[in-house]
Amino acid sequence: MIPPIQNETEKYYLAKKRVEEEKAFYQNLISYLIFTFLFGGFNYYVNQWDYPWFLWGALGWGIGVAFHAMKTFQILPFLGKDWEQRKIREYMEQEQNTNLWE
């Protein structure tokens with residue numbers, strides 16, 4: 001069984017890490033929106049959207065933003081919630097148990 005978080009310092013650093021991840025996501029999202037708008041405007045200026053080429057970049061970057069959101073807000077269907085933390089604790093326990101017998 002995985003032990004719960006023991007002290008307030010560990011809780012603080014985990015919360016701080018989550019806030020930094022959310023901040024990075026929102027920065028990515030804002031950049032995406034600004035550049036998509038600018039490229040769309042440039043595309044319209046050049047050819048009045050006869051060929052909306054800016055959508056290719058918006059689609060590719062949008063997929064990246066979607067995956068970033070899934071990771072940031074822990075909605076990864078294939079890994080589950082708190083998967084990374086559980087694996088870290090599992091490996092730490094394995095390392096501790098290995099060192100006991102050496």
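**Figure 1. One turn of helix 3, with Glu90 and Lys87 both in it, 3 residues apart.** This is a predicted model, and the first close-up looks at a charged pair. Glu90 and Lys87 form a salt bridge, and their closest N and O atoms sit 3.4 Å apart. How accessible is Glu90, in relative terms? Glu90 comes out at 32%, so it goes in the partly exposed bin. Lys87 is partly exposed as well, with a relative accessible area of 22%. The cut-off for buried is under 20%, so Lys87 at 22% does not count as buried.

**Figure 2. A salt bridge between helix 1 and helix 3, made by Glu10 and Arg89.** The side chains of Glu10 and Arg89 meet at 3.8 Å, N to O. Glu10 belongs to helix 1 and Arg89 to helix 3 (residues 83-100), so this pair ties together parts that are 79 residues apart in sequence. Is Arg89 buried or exposed? Arg89 is buried, with a relative accessible area of 13%. Its partner Glu10 is partly exposed, at 30%. For some context on sequence separation, take the contacts in the protein with a separation of 6 or more: residues 24 or more positions apart account for 62% of them.

**Figure 3. Glu8 and Lys11, a salt bridge within helix 1.** Here the closest N and O atoms are 3.6 Å apart. The two residues are 3 apart in helix 1, about one turn of the helix. Glu8 has a relative accessibility of 58%, which means it counts as exposed. Lys11, at 40%, is partly exposed. How many salt bridges does a search of the whole structure find? The answer is 3.

**Figure 4. Thr36 of helix 1 and its contacts, Phe54 and Ala58.** Thr36 is found in helix 1, which covers residues 8-47. With a relative accessible area of 19%, Thr36 is buried. The cut-off is under 20%, so the 19% of Thr36 passes it. Which residues does Thr36 touch, leaving aside its neighbours within four places in sequence? They are Phe54 and Ala58, and both of those turn up among the buried residues of helix 2. Helix 1, in turn, is part of what covers the buried residues of helix 2.

**Figure 5. The buried side of helix 2, and the face turned away from it.** Phe54, Ala58, Val65, Ala69 and Thr72 are the buried residues of this helix. They span an arc of only 60 degrees around the axis, so they end up on the same side of helix 2. What sits on the face turned away from that buried side? There you'll find the exposed residues Trp56 and Lys71. As for the backbone, the 19 residues of helix 2 reach 26 Å from first C-alpha to last, close to the 27 Å expected at 1.5 Å a residue. Just after the helix, Gln74 takes a positive phi of about 55 degrees.

**Figure 6. Positive phi at Gln48 and Trp49, in the loop between helix 1 and helix 2.** Most residues other than glycine have a negative phi. Gln48 goes the other way, with phi near 50 degrees. Trp49 also has a positive value, near 60 degrees. Gln48 lies in the loop that leads from helix 1 to helix 2 (54-72), and Trp49 lies in that loop too. How accessible are the two? Gln48 has 47% relative accessibility, so it counts as partly exposed. Trp49 is partly exposed too, with a relative accessible area of 42%.

**Figure 7. The whole protein, for orientation: 3 helices and 0 strands.** Going along the sequence, the pattern reads α-α-α. What share of the 102 residues is buried? Buried residues make up 14%. The protein exposes about 8500 Å², and carbon and sulfur atoms supply 66% of that area. To place the earlier close-ups, Thr36 is in helix 1, the Glu90–Lys87 pair is in helix 3, and Gln48 is in the loop between helix 1 and helix 2.

Methods. Residues are numbered from 1 along each chain as its sequence is written. This is a predicted model: local features need pLDDT of at least 70, side-chain atom pairs count only at pLDDT 80 or more; totals for chains, interfaces and linings use all residues. Side-chain values use heavy atoms; hydrogens and water are left out. Helices (H or I, at least four residues) and strands (E, at least two) are DSSP runs, numbered from the N terminus. Buried means under 20% relative accessible area, exposed over 50%, partly exposed in between (1.4 Å probe, protein chains only). Contact means heavy atoms within 4.5 Å. Accessible areas come from the Shrake-Rupley method with a 1.4 Å probe; for residues, only the protein chains shown count as cover. A salt bridge is a side-chain nitrogen of Lys or Arg within 4 Å of a carboxyl oxygen of Asp or Glu. The expected span of a helix is 1.5 Å times one less than its number of residues. The arc is that of the directions from the helix axis to the C-beta atoms.
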